[in-house]
Amino acid sequence: MAQTITPYLLYEDVAGALDWLAEAFGFEELLRYDGPDGSVNHAEMRVGGERIMMGDPGPDYRNPKRLGARTSQLYVMVEEVDAHYERAKAAGAEIRKELTDEEYGHRRYDAYDPEGQLWSFAQVVSEVSAEEWGATTAGRE
């Protein structure tokens with residue numbers, strides 16, 4: 001089995017996040033697990049061929065919006081970033097950064113979800129080497 005990394009996001013309202021992420025970003029719900037109180041404790045969604053997981057860590061958790069700070073950002077590659085951007089805007093996503101052609105060859109925008117998680121969506125529009133935009137790469141033997 002290949003090693004993979006799967007983001008696990010925390011939400012105060014997992015059910016609301018599932019609905020909103022599907023509407024605004026086109027994610028597909030795979031499963032949800034309800035706790036004894038009827039709230040969603042764990043869920044999984046798919047974006048492209050990859051999974052994200054999410055859960056409710058309990059009453060002491062404060063989402064980035066209520067906390068007033070964020071500690072992470074997700075970067076998602078999509079096939080049609082312009083259409084994705086329009087869908088997100090139509091669903092009421094708070095756009096942090098408008099669509100921009102970046103020096104590293106990606107066309108990208110950033111948006112917050114209702115709980116303040118920051119998402120970047122991009123598509124490759126030109127192949128640019130790391131050196132061309134000022135980055136260095138780790139040497140491999």
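# Two sheets, two helices and a ring cluster

One open sheet here has 4 strands in the order β1-β4-β3-β2, with mixed pairing (helices, H or I of at least four residues, and strands, E of at least two, are DSSP runs numbered from the N terminus; two strands pair if DSSP finds at least two bridges between them). Keep in mind that this is a predicted model, where local features need pLDDT of at least 70, side-chain atom pairs count only at pLDDT 80 or more, and totals for chains, interfaces and linings use all residues. Residues are numbered from 1 along each chain as its sequence is written, and side-chain values use heavy atoms, with hydrogens and water left out.

**The β1-β4-β3-β2 sheet**

- β1 (8-10) and β2 sit at the edges with a single partner strand each, so one side of each has no neighbour in the sheet.
- The twist from one strand to the next averages 20° (axes are lines fitted to C-alpha atoms, for helices over the stretch in contact, and angles run from 0 to 180 degrees between N-to-C directions).
- β2 and β3 run antiparallel and are joined by 6 bridges.
- E29 stands opposite M45 in β3.

**The β5-β8-β7-β6 sheet**

- Another open sheet of 4 strands goes β5-β8-β7-β6, and its pairing is mixed.
- Its edge strands are β5 (73-77) and β6 (94-101), each pairing on one side only.
- Ignoring direction, neighbouring strands of this sheet are turned by 15° against each other on average.
- β5 and β8 run parallel, with 5 bridges joining them.
- Y75 stands opposite S120 in β8.

**Helix α1**

- α1 covers residues 14-25, so to speak a 12-residue helix, and reaches 15 Å from its first C-alpha to its last, close to the 16 Å expected at 1.5 Å a residue (the expected span is 1.5 Å times one less than the number of residues).
- It lies across β2, β3 and β4, running at about 15° to β3.
- V14, A17, L18, W20, L21, A24 and F25 are the buried residues of α1 (buried means under 20% relative accessible area, exposed over 50%, partly exposed in between, with a 1.4 Å probe and protein chains only).
- Their cover includes β2 (28-34), β3 (40-47), β4 (50-55), α3 (81-90), β7 (106-112) and β8 (118-124) (contact means heavy atoms within 4.5 Å).
- Just after α1, G26 takes a positive phi of about 75°.

**Helix α3**

- Buried residues in α3 are V81, H84, Y85 and A88.
- Looking down the axis of α3, these buried residues fall within an arc of 100°, so they line one face of the helix (the arc is that of the directions from the helix axis to the C-beta atoms).
- The general background: an α-helix has 3.6 residues a turn, so residues three or four places apart point the same way.
- What covers the buried residues of α3 includes α1, β6, β7 and β8.
- G92, just after α3, has a positive phi of about 90°.

**Aromatic pairs**

- The count comes to 10 aromatic pairs (rings of Phe, Tyr and Trp, the last by its six-membered ring, pair if their centres lie within 6.5 Å; planes under 30 degrees apart are stacked, over 60 edge-to-face, the rest tilted).
- One of them is the tilted pair F25 and F27, at 5.9 Å centre to centre with 50° between the planes; both residues are buried.
- Another is Y85 and Y109, edge-to-face at 5.1 Å centre to centre and 75° between the planes.
- Y85 lies in helix α3 and Y109 in strand β7, so this pair ties together parts that are 24 residues apart in sequence.
- Y85 and Y109 are both buried.
- Ring pairs join W20, F25, F27, Y85, Y109, W119 and F121 into a cluster.
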